[in-house]
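Visitor: Hello! Could you show me how to read the features of a structure that is new to me?
Guide: Gladly; let us look at it together.

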Amino acid sequence: MTTREFDSIVIGTGPAGEGAAMKLAKAGHRIAVVEAHNAVGGGCTHWGTIPSKALRHSIQMLADYRRNPLFQHTQHQIEAEFPDLLRAADGVINEQVRTRYRYYQRNRVEVVFGRARFLGEDRVEVQRPGGMTEELRAQHIVIATGSRPYHPPDVDFTHPRIRDSDSVLGLKHTPRSMTIYGAGVIGCEYASIMGALDVKVNLVDTRDRLLSFLDDEITDALGYHLRQQGVVIRHNETYERVEADDKGVVLHCKSGKKFKTDILLWANGRTGNTHDLGLESIGLTPNQRGQLEVNKSYQTALPHIYAVGDVVGQPALASASYDQGRFVGAHIADGACDWSLIEEFPTGIYTVPEISSVGRTERELTARQIPYEVAQADFKSIARAQITGHTVGMLKLLFHRETLEILGIHCFGEQAAEIVHIGQAIMSQRGEANSIRYFTETTFNYPTMAEAYRVAALNGLNRLF
């Protein structure tokens, strides 16, 4: 078997792998990326971010249609089933694959389809789809294999009524009822999606509140709106066993509670895709969640082998993973990196309504005894929100009472993940340039959602004395 030589090998074509490959290609490296599936893009494109957010967008459009008085007389003509809404995502996925593949072609990055396995510290064997194998060698290797839903061994995921966040996209009907075990980002997103489809949803949370890393006021609002959609939320529950048959699936909790529904969606944790990589042959051992330990430069215990994205754990965001890949590409190409990853990265949660935040929460600032004030704008008072009908939500800015620097931005409502970036740009400025006064001393287009920053800033400054 011949061995082909490259400067670097990237295993995985999700956001992290693509970021690394593109950065290395721009630096003139000869790159091979290995993809286990039959199309580039990774789980982000095919099973995670893109299909679930496209599904959410379709459901939001359906909800807007039903709410609009112009279409009251035609509402009964629209019957949208879960598979119909999913099909709307197919075009987006296909376009994303074409776009990403063009990036590799344009930058002369060779894409090798097959399953990678380490043969040595600088050698990778690729099992091609037809059964043939080939060997690749490189000075640097980047592991960007992503993650998959965590499957506890005592739950039968082969049963058609038991789904995870990947297999739920294969549902051929709209279930009448669903229990979601796990109220993290994925669990909350699907609870709001299915609730909007009038599915009876039980959201079973293993913790004492939803999304505890977010601002308390935001999560309180999320809980309220989920309940308004008919979602039943149960906190501090731990599963004991799962029982499924042809008539339904029952989740038994250690508290004695039982939930019987048509479908169980398991949304409790993810596992790094490190199985069958042959890591034992090079002395690398993943943790119990299949994740690899790395240093600040994303190097494993073997300095020439890097790991980025979901396979290293938190934050496990497509946006952060892409930047990690670019960072590693620069580190390999230059032996160092002339820029550093930001510590305050935005979080986007695509519930209905949407949530996004960056920076500190009120709870954190209080614990650190930092004197702060709150600036807030309710969307119901913003003209653009009134025009679009998306009046649910708010923009909340936390700022230092004395220096006026912005310390945290929290947004709840339609387009929250877009709106947050305006404040992020100001919050990232150095010194006096990071000031809430920016929003009172500039002019915003009217009517826009961005105007919420001016309204909030005036509200907050009026609180000072």
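Guide: We will go through burial, cores and strand pairing in turn. This is a predicted model, where local features need pLDDT of at least 70 and side-chain atom pairs count only at pLDDT 80 or more, while totals for chains, interfaces and linings use all residues. Residues are numbered from 1 along each chain as its sequence is written, and side-chain values use heavy atoms, with hydrogens and water left out.

Visitor: Is Arg100 buried or exposed?
Guide: Buried means under 20% relative accessible area, exposed over 50%, and partly exposed in between, using a 1.4 Å probe and protein chains only. Arg100 has a relative accessible area of 18%, so it counts as buried.

Visitor: Where is Arg100 placed, and which residues is it in contact with beyond its neighbours within four places in sequence?
Guide: Helices (H or I, at least four residues) and strands (E, at least two) are DSSP runs, numbered from the N terminus. Arg100 belongs to helix α4, residues 82-106. Contact means heavy atoms within 4.5 Å, and outside those sequence neighbours Arg100 touches Glu18, Val40, Gly41 and Thr45.

Visitor: What is a nonpolar core, and how many residues has the largest one?
Guide: In soluble globular proteins, nonpolar side chains tend to be buried together. A nonpolar core is a set of buried Ala, Val, Leu, Ile, Met, Phe, Trp, Tyr and Cys residues joined through side-chain atoms within 4.5 Å. The largest here has 38 residues, and Met178, Ile180 and Leu203 have the most contacts inside it. Elements giving two or more residues include α4, β9 (177-181) and β10 (200-204). The largest share, 6 residues, is from α5.
Guide: There is also a second, separate core of 28 residues, with Leu397, Phe399, Ile406 and Met449 among them.

Visitor: Where is Phe399 found?
Guide: Phe399 lies in strand β21, residues 393-400, and is buried at 0% relative accessibility. Its C-alpha atom is separated by 39 Å from that of Val92, 307 residues apart along the chain.

Visitor: Which way do β21 and β22 pair?
Guide: Two strands pair if DSSP finds at least two bridges between them. β21 and β22 pair in the antiparallel sense over 7 bridges, and Gly393 has Gly413 as its bridge partner in β22. Their hairpin has 5 residues between the strands, and Leu404 there takes a positive phi near 70 degrees.
Guide: Strand β22 (residues 406-413) is mostly covered, with 8 of its 8 residues buried. Strand β19 (residues 355-359) is joined to β22 by 5 bridges, also running antiparallel.
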